[in-house]
Amino acid sequence: MATDGVRAMPYLVRPMTADDVPRCEAVERGASPALLPPTDFAAELGNRIASYLVADPGGGGADGVVGLWYMAGEAHVVSLAVRADRRRRGVGELLAIAAIEQARRRAAALATLEVRESNAPARGLYAKCGFTERGVRRGYYPDNREDAVIMTTGPLLEGPFLERFAAQVRSHEARWGRSVRRTA
């Protein structure tokens, strides 16, 4: 337990390194086995518009990964995956929080993403973090031609979003504990 009475969540969110690539590939395969093509994490480390963060439980591992691309003043969440045995423990929400914090620090106007229409748990997570459904991309996923729901935040640097987001961070910490997030 932390000295201020708030327990600690046993994860450090930090930028992905080359050492994380094999673990991130395994996490993504477990979360999205039909993803075609799978993310080339090694190449993404050299992508100047990309940023990947991992949820590290200690010892240099990665139980979850979130990827963002920064384009046209916006942050686009390109992937978020959590190890199957770590789901429903606040890790995905922690990664979404860290992604939004990074996007705010980089002065992104908003954040956006696509999510499978059938993925109700992910849609719920994103809604909890301030994303709203804005449209549909028909036949977006190549494995089965499933539609993607487009979800977008409000302006990341303005009062209404900031207030809601701060409340979400407090709620997450109250349920799961405080975490260290190094998103620079």
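Helices, here and below, are DSSP runs of H or I spanning at least four residues, numbered from the N terminus. The structure is a predicted model, and its enclosed and open spaces are described first, followed by the packing of one helix.

The count of cavities of 30 Å³ or more comes to one, and about 30 Å³ of space lies in the largest cavity. Its lining is formed by Val77, Leu80, Ala96, Ala99, Ile100, Tyr126 and Phe131, with β4 and α3 being the elements that give two or more residues. Helix α3 gives the most to this lining, with three residues, and the lining as a whole divides into seven nonpolar, no polar and no charged residues.

The largest pocket holds about 1,400 Å³ of space and is lined by 47 residues, of which Ser32, Leu80, Asn119, Ala122 and Tyr126 lie nearest its centre. At least two lining residues are supplied by each of α1, α2, β4, α3 (91-105), β5 (111-116), α4 (120-128) and α5 (159-176), and the largest share, seven residues, comes from β4. In composition, the lining of the largest pocket comprises 26 nonpolar, eight polar and 13 charged residues.

Helix α1 (residues 21-31) has Val21, Cys24, Val27 and Glu28 as its buried residues; because these cover an arc of only 125 degrees around the axis, they lie on the same side of α1. The buried residues of α1 pack against α2 (41-44), β2 (50-56), β3 (64-71) and β4 (74-82), whereas the face turned away from the buried side carries the exposed residues Pro22 and Arg29.

Note on methods
Residues numbered from 1 in each chain as written. Predicted model: local features only at pLDDT ≥ 70, side-chain atom pairs only at ≥ 80, totals over all residues. Heavy atoms only, no water. Buried < 20%, exposed > 50% of the residue type's maximum accessible area, 1.4 Å probe, protein only. Arc of directions from axis to C-beta. Contact = heavy atoms within 4.5 Å. 1 Å grid on protein atoms, 1.4 Å probe; cavity = no way out; pocket = protein on both sides within 12 Å on 5 of 7 lines; lining within 4 Å. Points joined across faces, edges and corners; volume = space filled by probe spheres on them. Nonpolar A, V, L, I, M, F, W, Y, C, P; charged D, E, K, R; others polar.
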